[in-house]
Every structure is written in C-alpha cells, then in structure tokens.
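Morning, everyone. I have one structure to go through today, and I will keep to what can be read from the coordinates. Please have a look at it before I start.

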Amino acid sequence: MIGAPGVRPAPSAAPGRPAKVAHVVLSLNVGGLERVVLRLLDRMARDRFAPVVCALQEPGALAEELARLGVPLVVLSRKPGLDPGLPFRLSAWLRREGIGLVHTHNPGPHLYGALAAGFLRAAALPGGGGPRVIHTKHGRNFPKQKRKVLVNRLAAALTDRVVAVSDDTRAVALEVEHVDPAKVVTILNGVDTDVFRPGDAGAARARLGVPATGYHVGCVARLSPEKDHATLLDAFARLRAARPDAHLTLIGDGPRRPALEAQAARLGLGGAVTFTGTRGDVAELLPAFDVFALASLTEGISLTLIEAAAAGLPIVATRVGGNPEIVVDGETGMLVPPGAPETLAGALEAVAVREDRAEMGLRGRARVMERFGIDRMARAYEDLYDEVLGNGRSRRDHARG
C-alpha cells in the first residue's frame, strides 16, 4: 500500500452497509471518459458500494443521468488554473461524507483527489484510517510534456492503484511516468453489446436524414483538434473522386466545428457531408454506416471505436494509442498512419470493395464481446475496490476475475 509508514487501512463500512466511493471528475460533459464513468455507476453492485460523483468544475451535460441512476452529485467549483485551496475543500468533503474510496478520472482530479485523501490519512487519529485512492488513466496524458509527466508521477505516488484502460496506456504509466509496477492494473473499457449491436441500416439512415443508398462513412467524436477531422475531410474528398455515391456523417460537436464546416465547403463537398452535432441516440444511428472512420492523432482507448465494432461495423482508424487493441488490421478493419489523408482515403476505398466487408464487422463484434464487455469491466473494478479496501480479495483473485 502507499503513504507514510503506519498508515491505517481505510475505514470499513458499517456491517451490512456498502462502502462509500467518490468518483472525482472535472465534469460530466460529453466524452468517452464520462460515458465510462456513467456505465460503471450503472453496473456497480449497490449492496457493496455506494457511489457519489464529485465534479471539480461543473455538472456537465451528462449530469442529468445521475438522477436516473440515483447517484448524488456535488460540485466544488475549482478556481481557474491551479487552485491550492481545492485539496483542502475536497478533503473536508471526503471526511464529512465518510468516503472510504476515492476513484479519480484523469490528471487534474487525480492530483487533487490524491492530495485530499493523503491529508486525511496523514491526520488519521488512533484507530482511524483514511480513504484509499484508485485512479483510472483514460488516456496517454501528454507523455512528451515533462511537467505534466511529473505531476502524474507525484499523484501516482499517493495512489493505491493506477488503472490503465489499454496496453498502450499501461506502457505510458510504466515507461514514461515510472509508476510502481505493483500499482498498475489493466482494465479494458466496456460497452453494452445488447445496446450497441447491428441494426436496420435503412431506418438508421432515415433517422439521420441522409441518402438511403450509397457508401456511408461515419465518425462519432468530439470536434476537437486531437481527433483530426480535417484529415478525415481531406481523405473523404479523395474518396468521392472514386466513389461519387459516398456520404460522410460526423456525429459530435466541439470547437473545430466552424472550421470543419468551412473546410467541407472549400472542398466542394456540399451535401455530401452531414454535421449532426451531439446526439444522444448514437446506438440507433451506427447501423446507418457502412464503415466507421477515426483519424485521431492520439487516443487512450477509444470508446467510440469499441461501440462501432459492437455495432458490427468495419473500422478504418489511425494506428495510435490503444486503437490497434480494438482493430485487428485486415481482419476487423484497417489501420493507417495519422495525418495521412491519401492513405486514409485508400483504406476507405479498399473496405468499400471488400467482399467480406460485413464479415469484417461481425468479427469485430465478436472481439468486443470477448474482450470489451461492460459486465467484465464492472466486475473487474468491483474486485479491485474490494482488494484496495481490504475486503478479502487478493491481487491474484482480481487477476483471475
């Protein structure tokens, strides 16, 4: 375990009462990390764990889901930039709520949450204890920026376990941030394959208001620089030269939308590209696509790729981060280098003419069901919670689970 010598175990829940778990996030705005948190809350065994969400900045657009899940929310309103008072405010809240486990998500919440829990452990009275800390590393978190790497390393030193969501993320934690290997656990993100599954393409295209025929390329991602939709648009313009029937739908919103809409107009794509904005019915829309495309410059492990594969879609994606752990090149899709529109266009055209295109998608769905199921993810986290809280599960038991 971690902390100063003599640190006591986390306070146990009263007999018959679940342990209180605080999920610390910046907000619950639309994104893969936030959807993973909500799915974990939805599947967590409430007879063993009582979750609460602590947002450090704002509730976010997805916060209304917490009411449906019956999960309380508190917002601590972090000040802009570094907020030196926030760890103390968070620590006081953890103490008042009797939190036994702090589960942080991404770097800012990790630092503040680990410091807050550390204060309580350092101040623990005889016979007391302090909350334990688990951090989920959802992405690569800027491994080339030395200052951010050092901050992540400091937070990890105050943390019981660091969860990597992919082998690539695990490698960053171990090889770049030099986290103690004994602390690092890999738990793959999961999706509900009963929700994300193959469906009626015609009905989905009608729902989107796009052409009922033709080769339909789709992407679900925030319209932000790291997703590199500009390269995808350039590639699609090249594809249209060979496939005039091609249509591109971009689901999502973000700061790059005006520039991307202007780019599509400059490329003469006109009505061949649909910008839908944020949609809450992605599972119903995915069957509209013949292929899913993602041109990201960096990824941890893309939840939208897993969802697309679960929906039975062949995938063309960049060979970055955890993408190769989802897409088996040549079997369930194709992998291309980032920032290469000509290569991306060639891969999209190659998938269009493959006789086994449908089979590629079904192979991808089978892989998701084997490795990325939501119940598998939830059970792995529950086992890890038990281990860190000292509830009788060993590390070996967790590895077998």
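I will go through the core, then one enclosed helix, then two helix pairs, and finish with some loop residues.

One caution before that: this is a predicted model.

Let me begin with the inside. The largest nonpolar core has 83 residues. Which of its residues touch the most other members? They are L286, F292 and Y385. Helix α15, residues 374–389, supplies the largest share of this core, with 9 residues. In general, nonpolar side chains in soluble globular proteins tend to be buried together.

Stay with Y385 for a moment. If we set aside its neighbours within four places in sequence, Y385 contacts V21, H23, L40, M44, F49, L101, H103 and I134. There is also another core, lying apart from the one I described, with 17 residues. Among them are V24, V52, A117 and V133.

Next, the enclosed helix. This is α11, covering residues 303–310. How many of its residues are buried? The count is 8 of 8, so α11 is largely enclosed by the rest of the structure. By name, the buried residues are L303, T304, L305, I306, E307, A308, A309 and A310. Note that E307 and T304 are on that list along with the alanines.

What do these buried residues pack against? On the helical side, the partners are α1 (32–43), α12 (323–326) and α14 (357–371). On the strand side, they are β8 (216–220), β11 (291–294) and β12. Just after α11 comes G312, with a positive phi of about 80 degrees.

Since β12 has come up, here is one residue from it. T318 lies in that strand, which spans residues 315–318. Is T318 buried or exposed? T318 has a relative accessible area of 2%; buried means under 20%, so T318 counts as buried. A polar atom of the T318 side chain is 2.7 Å from the backbone oxygen of S296. S296 also appears in the contact list for T318, which leaves out neighbours within four places in sequence. The rest of that list is L294, A295, N323, L335, V336, P337 and P338.

Now the two helix pairs. The pair to take up first is α3, residues 86–97, with α4, residues 107–122. Their axes are 8 Å apart, and the packing angle is about 60 degrees. The two helices are therefore oblique to each other. The crossing of α3 and α4 is right-handed. From α3, the residues in the interface are L86, P87, F88, L90, S91, L94 and R95. They meet Y112, G113, L115, A116, A117, F119 and L120 of α4. You may recall A117 as one of the residues in the 17-residue core.

The other pair is α8, residues 229–242, and α9, residues 257–266. Here the angle is about 15 degrees, with axes 10 Å apart. That makes α8 roughly parallel to α9. α8 passes α9 in a crossing that is again right-handed. The contact involves H229, A230, L233 and D234 from α8, and L260, Q263 and A264 from α9.

Last, the loops. Between α3 and β4 (101–105) sits G100. G100 is buried, at 4% relative accessible area. G100 and P131 are 31 residues apart along the chain, yet their C-alpha atoms are separated by 4.5 Å.

After β4, in the loop leading to α4, we find N106. N106 is not a glycine, but its phi is positive, at about 75 degrees.

The loop between β8 and α8 holds two residues I want to mention, and D228 is one of them. Its phi is near 50 degrees, again a positive value in a residue other than glycine. D228 is buried, with a relative accessible area of 12%.

P225 is found in the loop between β8 and α8 as well. Is P225 buried or exposed? P225 counts as exposed, at 52% relative accessibility. Outside its neighbours within four places in sequence, P225 contacts R256 and L297. P225 and R256 are 31 residues apart in sequence, and the C-alpha to C-alpha distance is 6.8 Å.

That is what I have; I am happy to go back to any of these spots on the screen.

Terms used. Residues are numbered from 1 along each chain as its sequence is written. This is a predicted model: local features need pLDDT of at least 70, side-chain atom pairs count only at pLDDT 80 or more; totals for chains, interfaces and linings use all residues. Side-chain values use heavy atoms; hydrogens and water are left out. A nonpolar core is a set of buried Ala, Val, Leu, Ile, Met, Phe, Trp, Tyr and Cys residues joined through side-chain atoms within 4.5 Å. Buried means under 20% relative accessible area, exposed over 50%, partly exposed in between (1.4 Å probe, protein chains only). Helices (H or I, at least four residues) and strands (E, at least two) are DSSP runs, numbered from the N terminus. Contact means heavy atoms within 4.5 Å. A polar contact is a pair of N or O atoms within 3.5 Å; within protein, one must be able to donate a hydrogen and the other to accept it, and residues adjacent in sequence count only if both atoms are side-chain atoms. Axes are lines fitted to C-alpha atoms, for helices over the stretch in contact, and angles run from 0 to 180 degrees between N-to-C directions. Angles under 35 degrees count as roughly parallel, over 145 as roughly antiparallel, 65 to 115 as roughly perpendicular and the rest as oblique. A crossing is left-handed if the near helix is turned anticlockwise from the far one by less than a right angle, and right-handed if clockwise.
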